[in-house]
Amino acid sequence: MSKHPNPVFVYSDRYTFVLPPGYENIHHFDGSKFQRALAVLDERSVSLEGRVIEPVEVTREELELVHDSGYLDSLTSSAVIADILEVGMLAGVPFKELDERALAPMRLATGGTIRAVREAFDAGVAVNLSGGYHHAKRANGEGFCAYSDIAVAIEIARAERGLERVMVVDLDVHQGNGVEAIYQGDVGVEVFDMYNFQIYPMGDPDARGGIRWDHPLPGGTEGPEYVERLSAHLPGAIEEFQPQLIFYNAGTDIFAGDPLGDLQVDEAHVLERDRLVIEAAVSRGVPLAMVPSGGYTDDSHRLLANALELVAGLA
Ligand SMILES: [Zn+2]
C-alpha cells in the first residue's frame with residue numbers, strides 16, 4: 001500500500017426521500033437506505049465519528065458542465081420527472097412537490113458525489129452514501145436518474161486538477177449507459193462495466209461504444225463466478241490505463257433476489273467485490289470515490305452498511 005487511506009463519508013439526513021402520499025411504495029428503491037445503513041453501523045458499533053461530511057446541493061452552473069440547459073429547464077415538468085422516475089402516474093402530482101421530494105434529494109446527492117471526488121485525493125478513499133445516477137445522459141434522464149452526478153463530479157475534478165485519465169468502474173447490475181454515452185469518444189474518461197446484458201438498458205446502442213472494458217454477464221451469474229471474472233480483469237485494466245482517479249459505482253443490485261437485477265450474487269461475494277475494487281485502487285495509490293447506486297431489496301441498506309464498514313476499517 002503506497003499511501004494509507006484516511007477514509008471520509010459524505011452524508012446528509014436529507015438524502016432520505018419519500019414519494020408523494022399514495023405513491024410511497026410504488027418504486028422498489030428504499031429512499032431511506034442511507035439512513036438505515038448508518039443505523040446498522042451503530043448496531044455493529046462501527047463509528048464514523050469525525051469522518052462524516054455534510055454535502056451542499058449541486059448548482060445549476062455545475063450541472064451545466066454536463067447537461068444541456070434545455071434538458072435542465074424541462075425538469076420543471078411533472079410529466080418529464082414522472083418519466084425519469086418510471087412512475088407514469090406521478091405526472092399528475094404538482095411539479096413543486098415532485099421537485100422537493102425527488103429531485104432536491106438527487107441534487108443534494110449530486111453535490112455529495114462532487115464532494116466525495118474532491119475528498120478522495122487527500123483521503124485516499126471517499127464514499128458518498130447516495131448517488132450513482134449512471135443512466136442520466138446529457139440531454140435526458142432515465143432509469144430513476146435525473147442528473148449525472150458521476151460526470152458532473154468528474155468534470156469538476158478534471159477542471160480543478162487537470163486530470164488526464166479517470167477510470168469509472170461501474171459494477172451496478174445495469175449497464176451504465178448514461179456515463180458511457182457522455183464519455184463516448186473522450187479518451188480521458190474510460191469505463192469498465194460489468195452488467196447483466198439481458199435487462200434494462202439492454203445493451204443501449206448509443207452507449208455500448210463508450211465502454212472500454214466491456215463485461216456483459218448473463219442473468220443468473222453467481223457470486224464465485226462474478227468475483228473471479230472481476231479479479232481476472234480489473235487489475236490489468238488499471239495497470240493498462242494508469243488512472244489518476246477511480247470512480248466506483250457500487251450498485252448492490254447484483255445481489256441474489258434483487259427484483260431488477262436477476263443475478264445470483266450472495267452477500268459475502270457482494271462484499272468481496274467491493275474489497276477487490278478498493279484494494280485494487282488503494283494498493284496502487286489511486287484515489288477512489290465510491291457511490292452506492294442501485295439496489296432494490298429490503299437488504300440493500302445492510303449491503304451498503306457492509307461496504308461502509310469495510311471502508312471504515314481501512315483507517
Ligand atoms: Zn442498477
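# A tour from the zinc site outward

The 4 donor atoms around the zinc ion subtend angles of 53 to 155 degrees, so the arrangement is irregular. For four donors to count as tetrahedral, all angles would have to lie between 85 and 135 degrees. Keep in mind that this is a predicted model.

**Stop 1: the zinc ion.** Select the zinc ion and show its donors. D172 appears twice in the list, with an OD atom each time. H174 gives ND1, and D253 gives an OD atom. The coordinating distances run from 1.9 to 2.7 Å. Along the chain, the donor residues follow the spacing D-x1-H-x78-D. Now trace where two of them sit. D172 is in the loop between β4 (166–170) and α7 (177–183), and D253 is in the loop between β7 (245–249) and α9 (267–282), so the pair ties together parts that are 81 residues apart in sequence.

Are D172 and D253 buried or exposed? Switch on a surface to check. D172 is buried, at a relative accessible area of 1%. D253 is buried too, at 0%.

**Stop 2: α8 and α9.** Stay with α9 and add helix α8, residues 223–241. Their axes come within 10 Å and cross at roughly 10 degrees. An angle under 35 degrees counts as roughly parallel, and α8 and α9 are therefore roughly parallel to each other. To see the contact, show side chains on both helices. From α8, take G223, P224, Y226, V227, L230, S231, L234 and I238. From α9, take H269, E272, R273, L276, V277 and A280.

**Stop 3: Q242.** Move on to the loop between α8 and β7, where Q242 is found. Check its backbone. Phi of Q242 is near 50 degrees, a positive value in a residue other than glycine. Most residues other than glycine have a negative phi. Q242 counts as partly exposed, with 45% relative accessibility.

**Stop 4: α1 and α10.** Next, select helix α1 (residues 33–43) and helix α10 (residues 300–312). How do they pack? Their axes are 8 Å apart, at an angle of about 55 degrees. That makes α1 oblique to α10. The crossing of the two helices is right-handed. On the α1 side, the contact uses K33, F34, R36, A37, V40 and L41. On the α10 side, look for S300, H301, L304, A305, L308 and E309.

**Stop 5: S45.** Go to the loop between α1 and β2 (52–53), and pick S45. S45 is not a glycine, yet its phi is positive, about 55 degrees. S45 is exposed, with a relative accessible area of 66%.

**Stop 6: V311.** Return to helix α10 and select V311. V311 is buried, at a relative accessible area of 0%. Which residues does V311 touch, leaving aside neighbours within four places in sequence? They are P7, F9, V125, V127, I278 and M290. For a distance, pick R275 as well. V311 and R275 lie 36 residues apart in sequence, and their C-alpha atoms are 8.6 Å apart.

**Stop 7: V8.** Two of the next contacts, V125 and V127, are also contacts of V311. Select V8, in strand β1 (residues 8–10). V8 counts as buried, at 13% relative accessibility; the cut-off for buried is under 20%. Setting aside neighbours within four places in sequence, V8 is in contact with R51, I53, E119, A123, V125, A126 and V127. Now draw a line from V8 to M167. The two are 159 residues apart along the chain, and 20 Å separates their C-alpha atoms.

**Stop 8: T110.** Select helix α5 (residues 95–123) and find T110 in it. At 0% relative accessibility, T110 is buried. Beyond its neighbours within four places in sequence, T110 contacts V58, L63, Y133, Y147 and D149.

**Stop 9: the cis peptide.** Finish at P201, in the loop between β5 (189–196) and β6 (211–217). Which kind of peptide bond joins Y200 and P201? The bond is cis, with omega about -5 degrees. Most peptide bonds are trans.

Key
Residues are numbered from 1 along each chain as its sequence is written. This is a predicted model: local features need pLDDT of at least 70, side-chain atom pairs count only at pLDDT 80 or more; totals for chains, interfaces and linings use all residues. Side-chain values use heavy atoms; hydrogens and water are left out. Donors are N, O and S atoms within 2.8 Å of the metal (3.2 Å for Na, K and Ca); water is not among the atoms, so sites may look incomplete. Four donors count as tetrahedral if all angles lie between 85 and 135 degrees; four count as square planar and six as octahedral if opposite donors are over 155 degrees apart and all others between 65 and 115; anything else is irregular. Helices (H or I, at least four residues) and strands (E, at least two) are DSSP runs, numbered from the N terminus. Buried means under 20% relative accessible area, exposed over 50%, partly exposed in between (1.4 Å probe, protein chains only). Axes are lines fitted to C-alpha atoms, for helices over the stretch in contact, and angles run from 0 to 180 degrees between N-to-C directions. Angles under 35 degrees count as roughly parallel, over 145 as roughly antiparallel, 65 to 115 as roughly perpendicular and the rest as oblique. A crossing is left-handed if the near helix is turned anticlockwise from the far one by less than a right angle, and right-handed if clockwise. Contact means heavy atoms within 4.5 Å.
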